[in-house]
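Colleague: Could you walk me through this one? I'd like to hear how each label is earned.

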Amino acid sequence: MIITLSSLAAAFLKHDGKYLLMKRSPERKHFPNIWSGVGGGVEPHEMDNPKLACLREIYEETGISEKQIFNLELRYIIIRRAKDLIRQSYIYFGETDTTDFIDTDEGMLYWIEENQLLNREFSKTYGEMLKHYTCTPDEKGRVVVGVVGNEDGNLRISWSVVEDFE
């Protein structure tokens with residue numbers, strides 16, 4: 001069996017206590033009608049800088065430019081296996097000074113109150129990541145890796161802070 005890799009970059013942007021979320025189109029191949037941040041695949045030339053992919057995806061899917069985004073930080077890396085594919089997701093959190101966005105065929109965009117964030121149907125991994133995010137104190141520069149596993153047919157994520165050992 002040959003195992004291949006796929007890298008994704010996504011963002012959860014905040015403005016005035018609300019997060020910009022996308023409800024994915026029912027026509028989407030993966031996770032139709034599921035809520036998500038804004039993002040997509042990392043292009044080959046972006047592999048060593050997924051933040052570039054994240055900014056590109058934000059602009060493509062929302063029209064929000066890099067100049068309108070601040071404090072965009074990598075907060076989570078989620079690694080999971082789907083048969084012969086290992087998927088790495090780079091999740092950024094940041095803020096924006098605009099509430100305007102363009103229409104996209106990827107899905108519908110909505111500003112959701114922070115206290116309603118977990119009341120949406122996300123993919124299992126994103127749902128668990130957001131639970132972890134909302135109950136963990138915010139620490140600038142902290143990156144957490146979540147490794148997805150299977151525990152008796154149920155999702156299990158092992159969380160670990162990535163730290164420099166020197």
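Modeller: Here is a short run through the fold, its packing and one helix.

Modeller: This is a predicted model, where local features need pLDDT of at least 70, side-chain atom pairs count only at pLDDT 80 or more, and totals for chains, interfaces and linings use all residues. Numbering starts from 1 along each chain as its sequence is written, and side-chain values use heavy atoms, with hydrogens and water left out.

Colleague: How many helices and strands does the protein chain have?

Modeller: 2 helices and 9 strands. Helices (H or I, at least four residues) and strands (E, at least two) are DSSP runs, numbered from the N terminus. The order is β-β-β-β-α-β-β-β-α-β-β.

Colleague: Why is the protein chain called as compact as a globular protein of that length?

Modeller: Its radius of gyration is 16 Å, close to the 15 Å from the globule rule for 166 residues, so the label fits. The radius is taken over C-alpha atoms, and the rule is 2.2 Å times the number of residues to the power 0.38.

Colleague: Which residues of α2 are called buried?

Modeller: T125, Y126, G127, M129, L130, H132 and Y133. Buried means under 20% relative accessible area, exposed over 50%, partly exposed in between (1.4 Å probe, protein chains only). Across the protein chain, 43% of the 166 residues are buried.

Colleague: What span is expected for α2, residues 124-135?

Modeller: With 12 residues at 1.5 Å a residue, 16 Å is expected, and α2 comes close, reaching 17 Å from first C-alpha to last. The expected span is 1.5 Å times one less than the number of residues.
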